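Here is a friendly walk through one protein model, written for someone who thinks at the bench. Please have a look at the picture first, and then read on.

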Amino acid sequence: VREISHLISSSLHRVKDNEKMSKDQNSNATTMSQELTYSSSSSATSTSTYDHQSTLPSLPIPPLDDTLKKFVDSVEPLLSPTQMARTKEIVKDFKKKDGAKLQKLLNEYDNCITRGSYIEEFWSDAYLEPDTPVVLNV
């Protein structure tokens, strides 16, 4: 009888401990759920995706020299030494002849636009407007 009483007593203690742990876990889960609901609902109602678009700084136009250097650096692993030498000549010639003029026109265009960034219209025309499939050469 003593052993059975001890078993029952220890089982009751385990059940009570489990109930207490379960209550604590439920309480913690409820608190976390309330916090998540509050934070997600307050942020969802206060702003939408483009609410602050007009306050963002416009994308700066990089200097021509930086652009040309990045171009040369990015094609170098793809070209043979002969092709690379020829590419550098073409880039140098472009910088002398058309580069400065085109950079000036791009800066003027950037100063005239009233929406977003200088790249926005080109991005829309090149990537968002076409409805034909894009074939990738992978």
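Before anything else, a word on confidence, since this is a predicted model. Confidence is lowest in helix 1 (residues 2-46), where the mean pLDDT is 55, and highest in helix 2 (residues 64-75), where it reaches 97. Across the protein the average pLDDT is 76, and 64% of the residues score at least 70.

**The nonpolar core**

Which residues make up the largest nonpolar core? Six residues belong to it: Leu64, Leu68, Val72, Val75, Met84 and Val91. Two elements give two or more residues each to this core, namely helix 2 and helix 3 (81-112). Helix 2 provides the largest share, with four residues. As a general background, nonpolar side chains tend to be buried together in soluble globular proteins.

Let us take some members of the core in turn. Valine 72 lies in helix 2. Its relative accessible area is 12%, so valine 72 is buried, the cut-off being under 20%. Setting aside residues within four places in sequence, valine 72 is in contact with Met84, Lys88 and Val91. The C-alpha atoms of valine 72 and methionine 84 are 8.2 Å apart, while the two residues are twelve residues apart along the chain.

Valine 91 has its place in helix 3. With a relative accessible area of 12%, valine 91 is buried too. Not counting residues up to four places away in sequence, valine 91 touches Leu68, Phe71 and Val72. Between valine 91 and leucine 68 there are 6.9 Å from C-alpha to C-alpha, for a pair that is 23 residues apart along the chain. Seen from the other side, leucine 68 is in contact with Val91, Phe94 and Lys95, again leaving aside neighbours within four places in sequence.

**Helix 3, buried side and kink**

Which residues of helix 3 are buried? They are Met84, Thr87, Val91, Gly99 and Gln103. Helix 2 is among the parts that cover them. Threonine 87, found in helix 3, counts as buried because its relative accessibility is 16%, which falls under the 20% cut-off. Beyond residues up to four places away in sequence, threonine 87 touches Phe71, Val75 and Leu79.

Helix 3 also has a kink of about 55°, and aspartate 98 is at its centre.

**Salt bridges**

How many salt bridges does the structure hold? There are five. In general, side chains of opposite charge can pair when their charged atoms come close. Three of the bridges are laid out below, with the N to O distance for each.

| Acidic residue | Basic residue | N to O distance |
|---|---|---|
| Aspartate 65 | Lysine 95 | 2.8 Å |
| Aspartate 73 | Lysine 69 | 2.7 Å |
| Glutamate 108 | Lysine 104 | 3.9 Å |

Aspartate 65 and lysine 95 form a salt bridge in which the closest N and O atoms are 2.8 Å apart. Aspartate 65 sits in helix 2 and lysine 95 in helix 3, so this pair ties together parts that are 30 residues apart in sequence. Aspartate 65 is partly exposed, at a relative accessible area of 44%, and lysine 95 is partly exposed as well, at 39%. Lysine 95 is also one of the contacts of leucine 68, which in turn belongs to the largest nonpolar core.

The salt bridge of aspartate 73 with lysine 69 lies within helix 2, where the two residues are four apart, about one turn of the helix. Here aspartate 73 counts as partly exposed, at 38% relative accessibility, whereas lysine 69 counts as exposed, at 53%.

Glutamate 108 and lysine 104 are four residues apart in helix 3, so about one helical turn separates them. Glutamate 108 is partly exposed, with a relative accessible area of 40%, and lysine 104 is exposed, at 54%. Why does such a spacing suit residues that point the same way? An α-helix has 3.6 residues a turn, so residues three or four places apart point the same way.

**Putting it together**

Helix 2 and helix 3 both contribute to the largest nonpolar core, and the salt bridge between aspartate 65 and lysine 95 ties parts of these two helices together.

How values were computed:
Residues numbered from 1 in each chain as written. Predicted model: local features only at pLDDT ≥ 70, side-chain atom pairs only at ≥ 80, totals over all residues. Heavy atoms only, no water. pLDDT = per-residue confidence, 0-100. Core = buried A, V, L, I, M, F, W, Y, C linked by side-chain atoms within 4.5 Å. Buried < 20%, exposed > 50% of the residue type's maximum accessible area, 1.4 Å probe, protein only. Contact = heavy atoms within 4.5 Å. Bend = angle between axes of the 7 residues up to and from the residue. Salt bridge = Lys/Arg side-chain N within 4 Å of Asp/Glu carboxyl O.
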